[in-house]
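Open the model in your viewer and keep the selection tool at hand. The stops below say what to select and what is there.

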Amino acid sequence: MSEPVAPPETAASQPESTRSGPGRLLVAIYALFALSATARAGVQIATKFSHAPVAYLLSAFAGAVYILATVTLIVGSRTARRIAVVSCSIELIGVLAVGTWSLLDRASFPDATVWSGYGSGYGFVPLVLPVFGLLWLRRLTRRGRGAEDVDARQEFTQSAGLNAHSKDVAQWDRDRANRDRVGSDHDRPRQLSPNCQAQGQGYPGGRRGSF
Amino acid sequence: MNGAVATTIIVAGLALAVYALLMTALNHRMNVPMLAAVGVLEILLLIQVGLVVAKLAGGERPASLGTLIGYLIATPLVPVAAALWGLMERSRWGPAVVAIAGLVAAVLMVRLHQVWPVIHV
């Protein structure tokens with residue numbers, strides 16, 4: 001495999017950061033669970049609702065939460081991220097609560113849900129997924145770059161009634177750049193010119209930031 | 001229906017997952033050989049769907065026809081969606097998405113068998 005090695009997470013400094021890098025994988029798995037939980041609950045509620053109403057309604061609720069998490073992770077704006085944190089938290093609480101409930105009160109669960117047995121029917125992915133989701137969102141927030149910056153810049157521009165080329169916005173950008181410089185030795189991979197990459201000089205921060 | 005195609009899909013899906021995870025571990029992006037491997041999986045899945053549709057056309061019915069049709073529609077979409085979503089990512093996480101598709105293809109064959117036991121694995 002003589003494939004060029006991918007630059008580590010340069011996309012993470014772009015506005016689309018919640019859905020790129022490790023987020024790409026996260027969104028894929030969330031989409032998978034959104035589809036499977038919702039479709040399964042839909043079929044069960046339509047065909048045999050009275051058999052296990054609690055289980056099927058919980059499956060439908062889980063499906064809705066997965067859809068919300070998938071969409072907000074793809075959108076990735078500041079508001080979307082907040083909603084994503086809430087939906088990942090609901091998921092984690094849900095899988096822990098329903099997991100415990102399903103073990104204590106088996107009579108209520110004649111048929112399994114996505115979350116019963118702590119997601120054991122789905123290889124415990126439902127238990128692990130919200131943890132990784134929350135870690136990923138926290139990592140982005142700590143880095144404090146990407147969509148939040150774009151949002152903040154836009155808000156500043158709009159609130160001041162300015163256009164993006166005005167002096168004040170240029171000053172905002174300089175301030176932002178200064179703040180970046182202060183924290184730049186931490187987790188931000190620097191953008192290198194293609195030329196520099198071709199010479200194989202690597203990155204100043206090594207492979208830090210490639211998760 | 002013997003289970004040769006389904007068994008091949010399970011083996012191919014797991015092999016694709018290992019290959020893609022290796023690409024992720026070695027920090028490689030999506031490349032042409034990886035896309036070709038996804039294409040092979042897609043063809044195998046289409047053959048399997050064709051076999052099941054032929055069986056339905058022959059007049060046999062599973063207990064839950066709706067679920068089966070859902071699986072028949074979703075199954076061939078998995079490698080396509082994974083390849084598109086993975087290609088948009090120019091980092092090691094593109095192949096990671098393909099790894100999930102390989103695993104899902106294998107799981108789908110088991111689920112098809114559960115939905116309609118005449119589909120052997």
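**Stop 1: a helix in chain B**

Select Leu112(B), which is found in helix α5 of chain B. Helices here are DSSP runs of H or I with at least four residues, strands are runs of E with at least two, and both are numbered from the N terminus. This is a predicted model, in which local features need pLDDT of at least 70, side-chain atom pairs count only at pLDDT 80 or more, and totals for chains, interfaces and linings use all residues. Residues are numbered from 1 along each chain as its sequence is written, while chains are lettered from A and ligands numbered from 1 in the order in which they are written.

Is Leu112(B) buried or exposed? Leu112(B) is buried, because 24 other C-beta atoms lie within 10 Å. The cut-offs are 20 or more other C-beta atoms within 10 Å for buried, 12 or fewer for exposed, and in between for partly exposed, with C-beta atoms placed from the backbone. Leaving aside residues up to four places away in sequence, Leu112(B) touches Tyr71(B) and Ile119(B); contact requires that the C-beta atoms, placed from the backbone, lie within 7 Å. Now add Val49(B) to the selection: its C-alpha is separated by 10 Å from that of Leu112(B), and the two are 63 residues apart along the chain.

Widen the selection to residues 93–115 of chain B, which is the whole of α5. From its first C-alpha to its last, this helix of 23 residues reaches 32 Å, close to the 33 Å expected at 1.5 Å a residue. The expected span is 1.5 Å times one less than the number of residues. Of the 23 residues in α5(B), 17 are buried, and the helix is mostly covered.

**Stop 2: the end of α1(B) and the loop after**

Go to Ala25(B), in helix α1 (residues 4–25) of chain B. Ala25(B) counts as exposed because 11 other C-beta atoms lie within 10 Å. Select Trp93(B) as well: Ala25(B) and Trp93(B) are 68 residues apart in sequence, yet 9.6 Å apart in space, C-alpha to C-alpha.

Next select Asn27(B), in the loop between α1 and α2 (32–57) of chain B. What is notable about the phi of Asn27(B)? Phi is near 65°, a positive value in a residue other than glycine. Asn27(B) is partly exposed, with 17 C-beta neighbours inside 10 Å.

**Stop 3: α2(B) against α4(B)**

Show α2(B) together with helix α4 (residues 77–87) of chain B. Two packed helices are described by the angle between their axes and the distance between the axes. Here the axes come within 8 Å and cross at roughly 160°. Axes are lines fitted to C-alpha atoms, for helices over the stretch in contact, and angles run from 0 to 180 degrees between N-to-C directions. α2(B) and α4(B) are therefore roughly antiparallel to each other (over 145 degrees; under 35 is roughly parallel, 65 to 115 roughly perpendicular and the rest oblique).

To see the contact, select Leu35(B), Val38(B), Leu41(B), Glu42(B) and Leu45(B) on α2(B), and Pro79(B), Val80(B), Ala82(B) and Ala83(B) on α4(B). These residues divide into eight nonpolar, no polar and one charged. Ala, Val, Leu, Ile, Met, Phe, Trp, Tyr, Cys and Pro count as nonpolar, Asp, Glu, Lys and Arg as charged, and the others, Gly among them, as polar.

**Stop 4: chain A**

Switch to chain A, which has seven helices and zero strands. Of its 211 residues, 33% count as buried.

Select α1 (residues 22–48) and α2 (residues 53–75) of chain A, whose axes come within 8 Å and cross at roughly 150°. That makes α1(A) roughly antiparallel to α2(A). Their contact has 17 nonpolar, six polar and one charged residues.

Keep α1(A) and add helix α4 (residues 125–143) of chain A; these axes come within 11 Å and cross at roughly 145°. On α1(A) the contact residues are Pro22(A), Gly23(A), Leu26(A), Ile29(A) and Phe33(A), and on α4(A) they are Pro126(A), Leu129(A), Phe132(A), Gly133(A) and Trp136(A). By class they are eight nonpolar, two polar and no charged.

Finish at Phe124(A), in the loop between α3 (78–104) and α4 of chain A. Phe124(A) has a positive phi of about 60° although it is not a glycine. With 14 other C-beta atoms within 10 Å, Phe124(A) is partly exposed.

Notes
Contact = placed C-beta atoms within 7 Å.
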